Amino acid sequence: MTINSRINMSMKNTLTDEQIVRFNKLYEKANNMISGLLILDGRTNFKNGFFAKRKLKKAIELLELALKIYPENWQSMFAIAKAHQSLGDLETALTWLQNANQYEPENPSIAKEIGLCAGKLGKHNIAIQYMEAISKLSPNTIGLHVNLGLSYLMLNQLDSAKTSFNQAILVEPNSNTNKRLLALVENVISGKIPCPKSEKEIQKFI
C-alpha cells in the first residue's frame, strides 16, 4: 500500500487554498523523509539507527501538523502509525491504525496492518475484530487471511484458523508458507503437536 496523498482542489469547500498548499507541503516533506524507512508488506530495507530514528520522529511531527489542518486525513494517520512501528512502538502504532480505520473502515490494507500489529502485541481478539469482516469483503488480500489465521491459531480457535489458511492457499496456491501453516493447524488438531501461543513458537514448526 502506498501512503502518498495530496489534498486536491476538490477540498476547496472545506479548506482554503493556503491550507491545501500547507498540508501538501507538510505531507510530502514527511513522506520523502521516511521513504525507505517503513516496514511495508513485512519488509524493511533500513537499519534502525540514530539518523533513521531522527527522520522518523521528525516526520511524525510534520504529519501531526498536517492533521491539524485536515484532521480526517487517514493517510497521514497511517503514515504516523507506520513510523511508530519502525521505531518499535507498536502500542502507539496500533492506536494510529485504529484512528485511520475510523475514516477508512473497509480498507483491507489498514485492517491487515491492524491485524499484524495487534497480533505482535498478543491482542488477537482485536486483530480478529478488524480483519474478519474485511477478509470477506476483500477475499484476494492474502495478508488478511494469513494474519487472521495466525491470530485464530494462537487463540486455539483451530477450525477458524484452518479455514483462513485454506483461503490463503486458494489465493496463493504456490505458497509453501501457506501450505506449512495449514499443515501446522492440522497437526495441532490431530494432537501431534501442542497449540503454539506465539509467533516465535509458530516459526519453530514452519
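**Figure 1. Contacts across the predicted protein chain.** Among contacts in the protein chain between residues at least 6 apart in sequence, 53% join residues at least 24 apart. The model shown here and in the other views is predicted. Ten helices and zero strands make up the list of elements in the protein chain, and the pattern read along the sequence is α-α-α-α-α-α-α-α-α-α. Along the principal axes, the C-alpha atoms of the protein chain fill a box of roughly 65 × 40 × 30 Å.

**Figure 2. Burial, surface and charge in the protein chain.** The protein chain has 206 residues, of which 47% count as buried. Its accessible surface comes to about 11,000 Å², and carbon and sulfur atoms account for 50% of that area. The side chains include 25 positive and 18 negative ones. The centres of these two sets lie 8 Å apart. Side chains of opposite charge can pair when their charged atoms come close. The count of salt bridges comes to four, and Figures 3 to 5 show pairs from among them.

**Figure 3. The salt bridge between Glu 113 and Lys 82.** The side chains of Glu 113 and Lys 82 meet at 2.9 Å, N to O. The pair links distant parts of the chain, with Glu 113 in helix H5 (residues 108-120) and Lys 82 in helix H3 (residues 74-86). In sequence the two residues are 31 residues apart. Glu 113 counts as buried because its relative accessibility, 6%, is under 20%. Lys 82 is also buried, at 1% relative accessibility.

**Figure 4. The salt bridge between Glu 91 and Lys 123.** A salt bridge joins the side chains of Glu 91 and Lys 123, at 2.9 Å from N to O. Glu 91 lies in helix H4 (residues 90-103) and Lys 123 in the loop between H5 and helix H6 (124-137), so the pair ties together parts that are 32 residues apart in sequence. Glu 91 has a relative accessibility of 40% and counts as partly exposed. Lys 123 is partly exposed as well, with a relative accessible area of 29%.

**Figure 5. The salt bridge between Glu 199 and Lys 120.** Here the side chains of Glu 199 and Lys 120 meet in a salt bridge of 3.3 Å, N to O. Glu 199 belongs to helix H10 (residues 199-205) and Lys 120 to helix H5, and the pair links distant parts of the chain, 79 residues apart. Glu 199 is partly exposed, with a relative accessible area of 27%. Lys 120 counts as partly exposed at 47% relative accessibility.

**Figure 6. Cysteines Cys 117 and Cys 195.** A disulfide is a covalent bond between the sulfur atoms of two cysteines. The count of disulfides in this model comes to zero. Cys 117 has a relative accessible area of 2% and is buried. Cys 195 is buried too, with a relative accessible area of 14%.

**Figure 7. The backbone at Asn 156.** Asn 156 has a positive phi of about 65°, although it is not a glycine. The residue sits in the loop between helix H7 (142-154) and helix H8 (158-171). Asn 156 counts as partly exposed because its relative accessibility, 41%, falls between the 20% limit for buried and the 50% limit for exposed.

Conventions. Residues numbered from 1 in each chain as written. Predicted model: local features only at pLDDT ≥ 70, side-chain atom pairs only at ≥ 80, totals over all residues. Heavy atoms only, no water. Helix = DSSP H or I, 4+ residues; strand = E, 2+ residues; numbered from the N terminus. Buried < 20%, exposed > 50% of the residue type's maximum accessible area, 1.4 Å probe, protein only. Contact = heavy atoms within 4.5 Å. Areas by Shrake-Rupley, 256 points an atom, 1.4 Å probe, with all protein chains shown as cover. Lys, Arg positive; Asp, Glu negative; His and termini not counted. Charge placed at Lys NZ, Arg CZ, Asp CG, Glu CD. Disulfide = S-S within 2.5 Å.
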